[in-house]
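Student: I've got the sequence and the fold up on my screen. Can you walk me through it, one question at a time?

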Amino acid sequence: MRLAARIAGIGLVGPGLAGWGAARETLAGRAPYAPSPTRLAAPEALPATERRRAGKCVKLALATGLEAVAAARVDPAGLAAIFASSSGDGENCHAICETLASDDRLISPTRFHNSVHNAPAGYWSIATGATASVDCLGAYDASFGAGLLEALTRLAVEPGAPVVLVAYDAPYPEPLNGARPIPDAFGVAFVLEAANGAGPSIALGFTREPAQRAADAGLEALRQAIPAARALPLLELLARDAAGSATLAYLGDINLRVELAQ
Amino acid sequence: MRPLLISAATLATCLGRGVEATRAALAAGTSGLAPCRFETAELDTYVGEIDGIDEVRLPAGLAHFDCRNNRAAELGLALDGFESAVHATAARVGAERIGVFIGTSTAGILQTELAYRRREPAGGALPRDFDYRHTHNTFSVAEYARARLGLAGPCAAISTACSSSAKAFASAARFVEAGVIDAAVVGGVDTLCLTTLYGFNSLQLLSHAPCRPWDARRDGISIGEAAAFFLLERRARDADPDAVWVLGAGESSDAWHMSAPHPEGRGARDAMEQALRSAGLAPDTIDYVNLHGTGTPSNDAAEDKAILALFGDAVACNSTKGITGHTLGAAGAVEAMVSVLAIRDGLVPRSAGTRVVDSALHAGYDIAGGRRRVDRVMSNSFGFGGSNCSLVFARGSARR
């Protein structure tokens, strides 16, 4: 197997990581990592009605994906998209389960249609006008790896069609957070094109090697706690602007080896 | 796309356990829908419930996956010699060369619904025996299938609401074509839960009768549950000329609304066109279209427009959701089986529940169905978020 792509744009939203451009020095190890709660902007790209109803996952996925397409200077309307997340929106899920456990089971129709795993993908296509396929994957802690693999596989089969990969995870409220603790929202996005062209290129393969840790202890804590943050060793590598490789957590018995060439 | 051979298949639905039960029900045109008696639901609707699911026990080493959804998966995996077919292929190509792609919308969320009734009196925590990862989480059923079958390749849950398991076929086909894997276990597993029953009720999309796709009096869906699995393999040819192949897949987004289809069926038409292109087929080569046909007024109207735009009224089409119910994330896989059986048995199934076709709909809707040669079938699956997927299946001897 040889899967390869060129990275045309990157988006990043996380605790103390407000955009790829702003976070780059930290990820390269040239500035200290200063944790602070993730800030989620209102999704201006959505029509007013949809914007009002947008939950954390929608805000997170849209902000991250739109940063990546802006950096790549591509029109998102023309991109196929891959969304990877461990779960659907936590607030909706909690509200629905709480209502269903009560005497009055009338749940909100908006909460219900926003509870599907692919809600952020649906809002993405509404916001960008993208009518191509959107894949929505979940693989628990392996969700980022599953998304990256899906994105590069799609490119291998259709090299003429660039894709945007958006991996994101946001916390559940209690009591679900106790069963699935995710400390804060984290999203990462890549616009990926076929491997011929300028810019950093990655090649992907399976490995049985253990996943690499993030260089910074604070970032390593994020990597371990948030599925989408399993991308951090790759982001650190990209931030250093040098060729190299990173082993990313995937299913555990198989992980992903990424070779980066500048 | 590179055609994939369906070398094994199995399913459990409200029609019974195994392919033969579904085959018999399709031949007779009988519905598996019954008044809803599920759990504590108090809703005036019909559901398609798998019989005896509560008695299913998971193998000892996998007991932590225990929930309704994984019990349905276990039921399916144990039928029709599926497990031994997967093991034979694994012995040939290697367990790490077989991927697992399972479509689901709600996975084991019922487990969380039940846990919310048993929260700790002090503090409100969920009970200690609640295992989020192996029950509620979207991935749980895919992780279960991979572990249960002893596979070691790539694995994902695909969750795009009601197109989930159709898109699992498309994803698997890409992985094989890219050379990442040689074979794939593809499936759809979705089971009854209060979230979907009360959720569709809140949208006023539940029918009070067994659903009536395309009917003038259609008033919504009947929710069903199912587990369906397929083993897909990269082969140049197969000794059996009647073996069924996955020939094409098309995917699109409506970019329109979260829960309502594009009124002109734009995304549906895109997906169907792409599926034909992917299969290298013209519309007039399709013998039967198994519609998404949920039975809601707006879904059927949008799909009708899409079918008319692409096929005119020439192609025979209908929906089998009056037989199986709408199995949501499993619908693509269940209807892949309907497509396979249509080809193998020479049968366009009856549209159970439909009496009089809505005069505002103009596709060539075939209520009665019947015995005839069927070589190529298109199957449609469309979901919330405007996610659309169409698949094309064909008899080996009818491949181009």
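Student: Skipping neighbours within four places in sequence, which residues is Ala81(A) in contact with?
Tutor: Keep in mind that this is a predicted model. A contact here needs C-beta atoms within 7 Å. Leaving out those within four places in sequence, the partners of Ala81(A) are Ala121(A), Trp124(A), Ala130(A), Val134(A), Val163(A), Val164(A) and Val166(A).

Student: And how many residues does the largest nonpolar core have?
Tutor: In soluble globular proteins, nonpolar side chains tend to be buried together. In this model, Ala81(A) and Phe393(B) have the most contacts inside the largest nonpolar core. The count for that core is 239 residues.

Student: Over in chain B, which strands stand at the edges of the open sheet E3-E4-E8?
Tutor: That sheet has 3 strands with mixed pairing, in the order E3-E4-E8. An edge strand here has a single partner strand, so one side of it is left without a neighbour in the sheet. That picks out E3 (34–35) and E8 (223–224) of chain B.

Student: What is the bridge partner of Pro35(B) in E4(B)?
Tutor: E3(B) and E4(B), the latter covering residues 46–48, run antiparallel and are joined by 2 bridges. Within E4(B), Pro35(B) has as its bridge partner Tyr46(B).

Student: Is E5(B) enclosed or open?
Tutor: Strand E5(B) covers residues 98–103, and 6 of the 6 are buried. Ile98(B), Val100(B) and Ile102(B) point one way, while Gly99(B), Phe101(B) and Gly103(B) point the other way, and all are buried. With 6 of 6 buried, E5(B) is therefore largely enclosed.

Student: Which residue stands opposite Gly103(B) in E6(B)?
Tutor: E5(B) pairs in the parallel sense with E7(B), residues 183–190, over 6 bridges, and there Gly99(B) stands opposite Ala184(B). E5(B) also pairs in the parallel sense with E6(B), residues 155–158, over 4 bridges. In E6(B), the residue opposite Gly103(B) is Ile158(B).

Student: What covers the buried residues of H7(B)?
Tutor: Helix H7(B) spans residues 194–202, and 9 of its 9 residues are buried. Among them are Leu194(B), Tyr198(B) and Phe200(B). The cover comes from both chains, including H4 (90–100) and H5 (109–114) of chain A, plus H4 (109–115) and E8 of chain B.

Student: Last one: which residue just after H7(B) takes a positive phi?
Tutor: H7(B) ends at residue 202. Just past that helix, a phi of about 55 degrees turns up at Gln204(B).

Note on methods. Residues are numbered from 1 along each chain as its sequence is written. Chains are lettered from A and ligands numbered from 1 in the order in which they are written. This is a predicted model: local features need pLDDT of at least 70, side-chain atom pairs count only at pLDDT 80 or more; totals for chains, interfaces and linings use all residues. A nonpolar core is a set of buried Ala, Val, Leu, Ile, Met, Phe, Trp, Tyr and Cys residues joined through C-beta atoms within 7 Å. A residue is buried if 20 or more other C-beta atoms lie within 10 Å of its own, exposed if 12 or fewer, and partly exposed in between; C-beta atoms are placed from the backbone. Two residues are in contact if their C-beta atoms, placed from the backbone, lie within 7 Å. Two strands pair if DSSP finds at least two bridges between them.
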